[in-house]
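Work through the exercises below with the sequence and the model at hand. Each task is followed by a solution in steps.

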Amino acid sequence: MDHAEMGLCVLVNNKNFHPATGMAYRSGTDADAARVIETFRTLGYTVKPYNDLTCKQMVDVLQNVSKDDHSKENCLVCVLLSHGEDGLIYGTDGPLELKMVTSLFRGDRCKTLAGKPKLFFIQACRGTELDSGIETDSGSDESICQKIPVEADFLYAYSTAPGYYSWRNSSDGSWFIQSLCVMMKQYAKELELMQILTRVNRKVAEFSSCSNRPDFHGKKQIPCIVSMLTKDFYFPH
């Protein structure tokens, strides 16, 4: 982390969806976006926020970023706030394969980021299953990795495990982004990234849903971290 600049933090905040998608308005996501902008600016990143992008617009934005010269930058951060399913992220007009987005930054397609960390933080559902707080087997690492490029120096931090619902408060934002930003601010000058994300997992696990619907009440969530980083990641300070 000895380059002149920390790098870009690209934020995609999808809130309003075309009626044909059947996807609801994502209340609380603006609170998440505000936290991400403030947190990553504090960490030294240049934050580029985008709101309500279609699938094509998402690909176009990230493709343009992948074509930029990142030779003076330490790494790339990409934060995606949207609806989702396992392996999919939603643009405002429908689903998009996550691997189509993340593969834009492979070493052969974005050479100025080759050998540098590419960090993806994804706040989205990965299914409709609800976690009642008991230990469950949510699939092997192989099944998780099949849906993303398996290449060195990528890290994927999902808000929830494969197949599961991801919780978001209508005023305070999602459990995952709240926890991520709090832990980043608290430990960025002290701990290695995976240690920070372990604390994010613990903080998210402390939340419990409160709903008038019995089937939605008292539910839990645990994020899912998939790392292909080849070195320890410390924020400069």
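**Exercise 1.** Locate T29 in this predicted model and state whether T29 is buried or exposed.

Solution. Step one: T29 belongs to helix α1. Step two: the relative accessible area of T29 is 0%. Buried means under 20%, so T29 counts as buried.

**Exercise 2.** Find which residues T29 touches, leaving out those up to four places away in sequence.

Solution. Step one: the contacts of T29 are N13, N14, K15, L81 and R168. Step two: with N13 there is a polar contact between the two side chains, at 2.6 Å. Step three: S170 lies 141 residues from T29 in sequence, yet their C-alpha atoms are 7.8 Å apart.

**Exercise 3.** Describe helix α1 by its residues, its span and its buried positions.

Solution. Step one: α1 covers residues 29–42, which is 14 residues. Step two: from first C-alpha to last, α1 reaches 20 Å, close to the 20 Å expected at 1.5 Å a residue. Step three: the buried residues in α1 are T29, D32, A33, V36, I37, T39 and F40. An α-helix has 3.6 residues a turn, so residues three or four places apart point the same way. Step four: just after α1, G44 has a positive phi of about 100°.

**Exercise 4.** State how many salt bridges the model has, and examine those of K15, K185 and K56.

Solution. Step one: the count is five salt bridges. Step two: one of them pairs K15 with D30, with the closest N and O atoms 2.6 Å apart. K15 sits in the loop between β1 (5–13) and α1, while D30 is in helix α1, so this pair ties together parts 15 residues apart in sequence. K15 is buried at 18%, whereas D30 is partly exposed at 38%.

Step three: K185 pairs with E38, the closest N and O atoms being 2.4 Å apart. This pair links distant parts of the chain, with K185 in helix α5 (residues 175–187) and E38 in helix α1, 147 residues apart. E38 is partly exposed, with a relative accessible area of 38%.

Step four: K56 and D60 form a salt bridge at 2.7 Å, N to O. Both lie in helix α2 (residues 55–67), four residues apart, about one turn of the helix. K56 is exposed at 58%, and D60 is partly exposed at 28%.

**Exercise 5.** Explain why C55 forms no disulfide.

Solution. Step one: the whole structure has zero disulfides. Step two: the closest cysteine sulfur to that of C55 is in C78, 14 Å away, which is too far for a bond. Step three: C55 is buried, at 12% relative accessible area.

Note on methods
Residues are numbered from 1 along each chain as its sequence is written. This is a predicted model: local features need pLDDT of at least 70, side-chain atom pairs count only at pLDDT 80 or more; totals for chains, interfaces and linings use all residues. Side-chain values use heavy atoms; hydrogens and water are left out. Helices (H or I, at least four residues) and strands (E, at least two) are DSSP runs, numbered from the N terminus. The expected span of a helix is 1.5 Å times one less than its number of residues. Buried means under 20% relative accessible area, exposed over 50%, partly exposed in between (1.4 Å probe, protein chains only). A disulfide is a pair of cysteine sulfur atoms within 2.5 Å. Contact means heavy atoms within 4.5 Å. A polar contact is a pair of N or O atoms within 3.5 Å; within protein, one must be able to donate a hydrogen and the other to accept it, and residues adjacent in sequence count only if both atoms are side-chain atoms. A salt bridge is a side-chain nitrogen of Lys or Arg within 4 Å of a carboxyl oxygen of Asp or Glu.
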